[in-house]
Amino acid sequence: MGPVGICGSDVHYWQSGRIGDFIVKDPMVLGHEAAGTVCAVGSDVKHLQVGDRVAVEPGYPCYTCSACLGGRYNLCPDMKFCATPPYDGSLCQYYCHKAAFCFKLPDHVSLDEGALLEPLSVAVHACQRGKLSFGQKVLVCGAGPIGLVNMMVAKAGGASVTITDISDSRLAKAKEMGADAIYHVTSRDSRATADEIVKLSGYSDLTIECTGVESSIGTGLWATKPGGSYVQVGYGKAEVNFPIVAVGIREI
């Protein structure tokens with residue numbers, strides 16, 4: 001293995017021992033944002049050879065269920081995913097993985113960049129699920145690593161992006177990386193915060209919530225225009241309160 005990133009989920013498992021229904025019951029190796037160099041291949045593997053540098057897609061499905069056959073294999077109920085109980089992750093010297101989910105890196109892409117493809121794919125998927133289109137206004141809640149890659153993907157798709165956080169240093173980095181507008185959150189009053197964001201940059205066509213914090217979820221929903229789209233990326237508490245009537249009436 002080469003570089004392996006530390007995801008927020010790794011920290012959750014380390015500190016809390018669970019994420020939702022995924023509970024650590026036995027010792028488990030962490031890590032799923034990974035790239036490495038092939039050191040051995042199975043006899044039927046034709047597209048890779050020893051010495052190839054690869055990015056690792058960390059989960060592989062059953063290939064036979066309705067989700068897999070319908071093209072949404074990420075929802076496979078039998079998904080085997082690195083560092084998700086009971087499966088070990090890739091933060092180790094050697095890791096054996098399905099060849100179909102190892103992708104050869106071109107010469108100009110480093111192993112460090114290859115390891116970042118997994119968190120980047122989170123942002124690509126979020127923008128696709130939110131049906132991002134050119135010229136839209138996008139609100140990204142949270143300027144951590146995942147919030148920043150969502151901002152970058154949305155910008156690459158032709159959107160103008162407003163991003164929020166409670167940290168001035170994170171917002172400064174977001175501005176440096178291309179955010180069109182930044183908003184420093186100081187209140188847990190989600191409606192009031194949303195009103196301030198709307199004054200700053202208007203209602204969002206698409207909101208991507210990357211914190212999982214209950215008040216931020218409310219802010220994201222209130223700041224989304226009627227008929228707009230909202231994608232939940234961040235995880236926090238297993239259950240949260242949010243303005244369901246406003247969501248329903250405004251067809252978010």
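Which residues make the nonpolar surface patch of about 430 Å²? Figure 1 takes up that question, and the other views move on to the sheets, the helices beside them and some salt bridges. Please keep in mind throughout that this is a predicted model.

**Figure 1. A nonpolar patch on the surface.** The patch is made by I6, V11, W14 and L91. Its area comes to about 430 Å². I6 sits in the loop between β1 (4-5) and α1 (8-16). With a relative accessible area of 55%, I6 is exposed, because exposed here means over 50%.

**Figure 2. The antiparallel sheet of four strands.** Welcome to an open sheet with the order β1-β4-β5-β8 and antiparallel pairing. At its edges are β1 and β8 (102-104), each of which pairs on one side only. Looking at one edge of this view, two bridges join β1 to strand β4 (residues 33-37), and these strands run antiparallel. One residue to find here is V4, whose bridge partner in β4 is A34.

**Figure 3. The parallel sheet of five strands.** This second open sheet is built with parallel pairing, in the order β11-β10-β9-β12-β13. The edge strands, β11 (181-184) and β13 (224-232), each pair on one side only. From one strand to the next, the twist averages 20°. How many bridges join strand β12 to β13? There are five, with β12 (residues 204-209) and β13 running parallel. Among the residues to pick out is S204, which has T224 as its bridge partner in β13.

**Figure 4. Two helices beside the parallel sheet.** Helix α8 (residues 214-222) packs on the sheet, where it touches β9 (137-141), β12 and β13. The direction of α8 makes about 145° with that of β13. Helix α6 (residues 168-176) lies across β10 (160-165) and β11. Relative to β11, helix α6 runs at about 175°.

**Figure 5. A close look at T164.** This threonine is found in strand β10. Is T164 buried or exposed? T164 counts as buried, at 5% relative accessibility, because buried here means under 20%. If you leave aside neighbours within four places in sequence, the contacts of T164 are L139, V140, C141, G142, A143, L171, Y183, V185 and I197.

**Figure 6. V198 and its surroundings.** V198 belongs to helix α7 (residues 190-201). Not counting residues up to four places away in sequence, V198 touches Y203 and A223. A handy distance to check in your viewer is the one between the C-alpha atoms of V198 and T224, which are separated by 8.9 Å. Along the chain, V198 and T224 are 26 residues apart. You have met T224 already, as the partner of S204 in β13.

**Figure 7. A salt bridge between K155 and D180.** The structure holds seven salt bridges, and this view shows one of them: the side chains of K155 and D180 meet at 3.0 Å, N to O. The pair links distant parts of the chain, 25 residues apart. K155 is in helix α5 (residues 145-156), whereas D180 is in the loop between α6 and β11. Both side chains belong to partly exposed residues: K155 has a relative accessible area of 30%, and D180 has one of 39%.

**Figure 8. A salt bridge within helix α6.** Here the side chains of K173 and E176 meet in a salt bridge of 3.3 Å, N to O. Why are K173 and E176 separated by about one helical turn? The reason is that they are three residues apart in helix α6. K173 is partly exposed, with a relative accessible area of 37%, while E176 counts as exposed at 60% relative accessibility.

**Figure 9. A salt bridge between K237 and E214.** In this last view, K237 forms a salt bridge with E214, and the closest N and O atoms are 3.3 Å apart. Because K237 lies in the loop between β13 and α9 (244-249) and E214 in helix α8, the pair ties together parts that are 23 residues apart in sequence. K237 counts as exposed, at 56% relative accessibility. E214 is partly exposed, with a relative accessible area of 27%. The helix that holds E214 is the α8 of Figure 4, which packs on the sheet.

Notes: Residues numbered from 1 in each chain as written. Predicted model: local features only at pLDDT ≥ 70, side-chain atom pairs only at ≥ 80, totals over all residues. Heavy atoms only, no water. Pairing = 2+ DSSP bridges. Axes fitted to C-alpha atoms, helices over the stretch in contact; angles between N-to-C directions. Contact = heavy atoms within 4.5 Å. Patch = residues over 30% accessible without salt bridge, like charges linked within 9 Å, V, L, I, M, F, W, Y side chains within 5 Å. Areas by Shrake-Rupley, 256 points an atom, 1.4 Å probe, with all protein chains shown as cover. Salt bridge = Lys/Arg side-chain N within 4 Å of Asp/Glu carboxyl O. Buried < 20%, exposed > 50% of the residue type's maximum accessible area, 1.4 Å probe, protein only.
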